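Let's take a walk through this structure together, one stop at a time. Keep the viewer open so that you can follow along.

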Amino acid sequence: MSDLERIAAAAAGDAGGLDPSLLGGFLTAVVAATADGRRLRRRELEACAASGRRAAVQGVALRALVDLYLSAAWRLWRDAPDVADGDAARVRGSALAVLRAADDGVAALVEGFQLARADVIRLQEAVKHDVMEALLAGGQQAIEATGPAAEIGLTLSGPVAVLVVRRPAGFGGPDTAATPGRLERALQGRHGDAQPLVLIRSGEVVCVFAAPDAAAVATVRDVVTRELDRAVRGVHGVGRSWRGAVSSPRIGAAAVRTSHDEARYALDLADRLRLEQPVVDARDLTIYRVLLQDLPAVHDLVRSTLTPLTRARGGAGHLVETLDAYYATGCVATETAARLNLSVRAVTYRLARVAELIGRDPADPAERLTLHAAVTAARLLDWPSTPLE
């Protein structure tokens with residue numbers, strides 16, 4: 001093994017076991033530049049840049065790559081003959097030549113690495129976009145995307161869920177393009193087992209992720225909530241201004257579109273119901289979906305049960321709101337009053353007025369199911385603000 005090969009191997013060990021061939025002709029170029037007392041020539045710098053591009057494509061970390069080159073430079077300087085037996089002026093000249101060559105070479109190396117890395121990232125983003133669009137299109141396109149999805153880290157052979165977030169107000173600004181990458185890094189966590197794929201699409205943040213169990217879904221939900229809250233506060237200095245929904249887990253590429261549609265529908269339901277949680281689970285809204293499957297029956301339920309409330313002074317709205325809070329608090333008048341910022345007396349008066357108008361006692365267990373279902377249906381239909389069909 002030659003001296004330069006020995007130095008290259010030792011420097012590769014210093015850098016964590018990188019391939020010494022990534023040094024290319026760097027050491028030879030430094031030796032020649034030191035001997036002539038010059039800086040690296042253009043073709044030598046281009047060779048360093050080419051090594052940087054090759055390292056980027058191979059996925060080598062930039063820090064390790066720079067460590068490789070700097071380790072090779074100081075090892076070469078330590079072993080240079082002038083250091084051992086030269087006079088002071090010659091030693092200073094050799095040191096200056098080595099330092100200049102190392103500086104120029106590493107600068108060219110980093111430039112080549114960064115340009116190539118940018119190309120790789122753009123290619124990955126394009127592939128991610130195409131994969132996501134194919135999955136959301138469904139059918140044969142989704143099935144054909146299974147292979148490319150696996151290549152970028154999303155395995156569709158196990159349960160996968162879709163989380164949809166309505167774009168926060170702050171996402172119209174300069175951070176928009178960075179959002180998918182930021183969320184993916186946060187979701188990957190320490191072990192990278194969430195396999196997230198995030199894209200901003202049609203004004204929504206869409207995240208497809210591996211969902212092997214309920215804990216995995218809860219983790220993704222919590223991380224998305226934390227990261228989006230932080231992003232929105234960073235732009236506006238205010239709290240939450242967004243809402244999200246997560247689908248039921250399903251297996252297979254063709255199921256991603258179904259999950260996406262389910263999450264978006266759950267998001268619409270959450271808006272209608274004015275739910276407080278930032279990310280709702282579509283499985284928790286199944287009963288509301290069942291109610292809306294037969295719209296004529298739902299309209300009849302509201303019409304036959306609650307329309308007498310429109311005869312109250314001020315209309316039916318405040319009475320429906322009171323019933324909604326009453327059932328949400330387990331039919332406890334004191335908690336209902338606290339939620340509505342009313343006195344207990346005002347709440348009991350409203351409940352008595354409801355019973356008088358519709359002929360049903362809201363507190364009667366026999367009437368509770370019908371009234372609760374009617375109130376829930378009214379919220380889903382935005383009644384009485386929106387007239388019944």
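What follows is a short tour of a pocket, a pair of packed helices, an aromatic pair and some backbone details.

One thing to keep in mind from the start is that this is a predicted model.

Let's begin with empty space. Rolling a probe the size of a water molecule over the atoms shows where empty space is left. Here, the largest pocket holds about 600 Å³ of space. Its lining is made up of 22 residues, and those lying nearest the centre are Leu273, Arg274, Asp324, Ala325 and Arg379. Three elements each give two or more residues to this lining: α14 (317-328), α15 (333-340) and α17 (365-381). Which of them gives the most? That is α14, with seven residues. If you care about the chemistry of the lining, its residues divide into eleven nonpolar, four polar and seven charged.

Now stay with α15 and look at how it packs. Two packed helices are described by the angle between their axes and the distance between the axes. For α15 and helix α16 (residues 344-358), the angle is about 105 degrees and the axes are 8 Å apart. Angles of 65 to 115 degrees count as roughly perpendicular, so α15 is roughly perpendicular to α16. On the α15 side of this contact you will find Ala333, Thr334, Thr336 and Ala337, which meet Val344, Val347 and Thr348 in α16. By class, the contact has four nonpolar and three polar residues, and no charged ones.

The loops on either side of α15 deserve a look too. Most residues other than glycine have a negative phi, and most peptide bonds are trans. In the loop between α14 and α15 sits Cys331, whose phi is positive, near 65 degrees. In the loop between α15 and α16 sits Asn341, and its phi is also positive, near 60 degrees.

A further backbone detail comes in the segment after α17, where Pro384 lies. Trp383 and Pro384 are joined by a cis peptide bond, with omega at about 15 degrees.

Finally, let's turn to the aromatic rings. How many aromatic pairs does the structure hold? There are two. In one of them, the rings of Phe26 and Tyr69 have their centres 4.7 Å apart and their planes at 50 degrees, so the pair is tilted. Phe26 belongs to helix α2 (residues 26-36) and Tyr69 to helix α4 (residues 62-79), so to speak a link between distant parts of the chain, 43 residues apart.

Definitions and conventions. Residues are numbered from 1 along each chain as its sequence is written. This is a predicted model: local features need pLDDT of at least 70, side-chain atom pairs count only at pLDDT 80 or more; totals for chains, interfaces and linings use all residues. Side-chain values use heavy atoms; hydrogens and water are left out. On a 1 Å grid over the protein atoms alone, a cavity is a set of points where a 1.4 Å probe fits but cannot get out, and a pocket is an open set with protein on both sides within 12 Å along at least five of seven lines; lining residues have an atom within 4 Å of a point. Grid points are joined across faces, edges and corners, and a volume is the space filled by probe spheres set on the points. Helices (H or I, at least four residues) and strands (E, at least two) are DSSP runs, numbered from the N terminus. Ala, Val, Leu, Ile, Met, Phe, Trp, Tyr, Cys and Pro count as nonpolar, Asp, Glu, Lys and Arg as charged, and the others, Gly among them, as polar. Axes are lines fitted to C-alpha atoms, for helices over the stretch in contact, and angles run from 0 to 180 degrees between N-to-C directions. Angles under 35 degrees count as roughly parallel, over 145 as roughly antiparallel, 65 to 115 as roughly perpendicular and the rest as oblique. Contact means heavy atoms within 4.5 Å. Rings of Phe, Tyr and Trp (its six-membered ring) pair if their centres lie within 6.5 Å; planes under 30 degrees apart count as stacked, over 60 as edge-to-face and the rest as tilted.
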